[in-house]
Amino acid sequence: MSSVPRLVVAAPSSGSGKTTVATGLMAAFAARGLAVSPHKVGPDYIDPGYHALATGRVGRNLDSYLCGTELIGPLFAHGARGCDLAVVEGVMGLYDGAAGEGELASTAQVAKLLRAPVVLVVDASSQSRSVAALVHGFASWDPEVRVAGVILNKVGSDRHEAMLREALDASGVPVLGALRRAPQVGTPSRHLGLVPVAERRAEAVEAVAALAAQVGAGCDLDALFALARGAGALPGAAWDAAEAVGPSAAAQRTAPDGTTRPSTPPEASGGVRRVAVAGGPAFTFSYAEHAELLTAAGAEVVVFDPLRDERLPEGTGGLVIGGGFPEVYAPELSANEPLRKAVAELAFAGAPVAAECAGLLYLARELDGQPMCGVVDATARMHERLTLGYRDAVAVSDSVLAAAGTRMRGHEFHRTVVEPGAGPAPAWGVRAPERRVEGFVQSGVHASYLHTHWASEPGVARRFVERCLTS
């Protein structure tokens, strides 16, 4: 049972100021000495980096499409354990979710699953009295969603604010803050959204401090905290990586009476399974639960930076290369020839290698004409079209991550193209937006554009670690 005070920051549409307000609230409450747990609805990797900077805690995602509705509460409770307050930033508009799936993966659905009040951030720059109709519509659309407060964003003047507040007096939804129109706080964007924290940490620290000051001055923090404390208790146990992974076949032995008992773990017999995880500015996309699952499965997780480290961590027996922006750093990644060779040698030795999106580009022969690792017989380049959306997928080939036939849900988000799009042994069969196969499975390598959340299929981590080389 989780009773952590919590609130969801939502908006009528994208571009209303959710990230500004949510990050500012997190930082403002943290500045008061509260332990704030940051969360983001949906598959976004970038906003959680700013949330982590604001709170000093790992930013976590809550995605009911990738993980299933049954895991939202447990994953939330896991992340918020021991905190004084949790702030959940929504995605898109309050009621927008997976295309053609009703409320699935919407902020509204997550708010209902968390029994959390919703604070609606409204861009008031081009309206006055109409704001009441807008808020009334959102507050009444789904009676199970409790829109409990409004924060007015991009307010023009004291007179404009007075008009907005007067209009909202009759709506029954209190105004909990009003933020003036101001130049965009230093959070630059590019082809996939905000520039990640890891690429501009000093500037990001300043930006988050400015957001904390702006939101703290314009919002009633006491009223917002009181609202969060009114969230109902959330039943059920917190998610636990060790329980999710369970004992592996390698960690069990059969006793004479037919029961299974723990066997000697590899580290106790002189073997260590060390998994190197790519990080640094070029590879910033990862879910916190992945490292937790790998650790629970018996691995020692070590982060390295492909831009700076010329060798893999000593004793690497498995490699995970997640998403990010290798296209921005292609010359630097290519220039690090010693590491590219080390990655190729590890892969060709049969060690398990899991590569998602950016990882796929890094394993290719070349990216925008720059030599990469050459593990996957394909070339990658930037493309004018954005590929974005949820995917239902089935494993086509047996791999270090999944047996053929395993079904998982994933997400694509890139402006690159890989040619060919699949190898002789594809990774996934994807149903939408068109039926196709994609990705590469060869020896111990699983490389694909698809981002998946391993909490939905924790056996992925166990299977991967069991195949790691020991040192």
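## The open sheet

In this predicted model, 6 strands form an open sheet with mixed pairing, and their order across the sheet is β13-β12-β14-β15-β23-β22. The strands at the two edges are β13, covering residues 299-304, and β22, covering residues 440-442, each of which pairs on one side only. From one strand to the next, the twist averages 10 degrees.

Helix α11, made of residues 288-296, packs on this sheet and touches β12 (273-278), β13 and β14 (318-321), while its direction makes about 140 degrees with that of β13. Elsewhere in the sheet, strand β15 (residues 353-356) runs parallel to strand β23 (residues 445-448), and 4 bridges join the two. One position can be followed by eye here, since V353 has V445 in β23 as its bridge partner.

## The protein as a whole

The secondary structure of the protein comes to 15 helices and 24 strands. Its radius of gyration is 23 Å, close to the 23 Å that the globule rule gives for 471 residues, and the protein is therefore as compact as a globular protein of that length. Along the principal axes, the C-alpha trace spans about 70 × 60 × 40 Å.

Of the 471 residues, 55% count as buried, and the protein exposes about 18,800 Å², of which carbon and sulfur atoms supply 51%. When contacts with a separation of 6 or more are considered, 75% of them are accounted for by residues 24 or more positions apart.

## Two nonpolar cores

The largest nonpolar core holds 112 residues, and those that touch the most other members are L25, L94, L114, L152, L224, L294 and F464. Helix α1, residues 18-31, gives the most to this core, with 7 residues. Which residues surround L224, once its neighbours within four places in sequence are left aside? L224 is then in contact with L7, L25, F29, V119, I151, L176 and C219.

A second core, separate from the largest one, has 39 residues, and L346, A351, Y362 and M372 are among them.

## A buried valine in a loop

V375 is placed in the loop between β17 (370-371) and β18 (379-395). Is this loop residue buried or exposed? With a relative accessible area of 5%, which is under the 20% cut-off, V375 is buried.

Apart from its neighbours within four places in sequence, V375 is in contact with V343, A344, A347, F348, L363, Q442 and V445. V445, named above as the bridge partner of V353, is thus also one of the contacts of V375. Q442, another of these contacts, lies 67 residues away from V375 along the chain, with 9.3 Å between their C-alpha atoms.

## Backbone details in three loops

Some backbone angles also deserve a careful look. The peptide bond from E419 to P420 is cis, with omega near -5 degrees, and P420 is found in the loop between β19 (407-419) and β20 (428-430).

Two residues other than glycine have a positive phi: the value is near 70 degrees for A105 and near 50 degrees for D368. A105 lies in the loop between β4 (85-89) and α5 (107-114), whereas D368 is in the loop between β16 (366-367) and β17. A105 is buried, with a relative accessible area of 4%, while D368, at 36% relative accessibility, counts as partly exposed.

Key. Residues are numbered from 1 along each chain as its sequence is written. This is a predicted model: local features need pLDDT of at least 70, side-chain atom pairs count only at pLDDT 80 or more; totals for chains, interfaces and linings use all residues. Side-chain values use heavy atoms; hydrogens and water are left out. Two strands pair if DSSP finds at least two bridges between them. Axes are lines fitted to C-alpha atoms, for helices over the stretch in contact, and angles run from 0 to 180 degrees between N-to-C directions. Contact means heavy atoms within 4.5 Å. A nonpolar core is a set of buried Ala, Val, Leu, Ile, Met, Phe, Trp, Tyr and Cys residues joined through side-chain atoms within 4.5 Å. Buried means under 20% relative accessible area, exposed over 50%, partly exposed in between (1.4 Å probe, protein chains only). The radius of gyration is taken over C-alpha atoms; the globule rule is 2.2 Å times the number of residues to the power 0.38. Accessible areas come from the Shrake-Rupley method with a 1.4 Å probe; for residues, only the protein chains shown count as cover.
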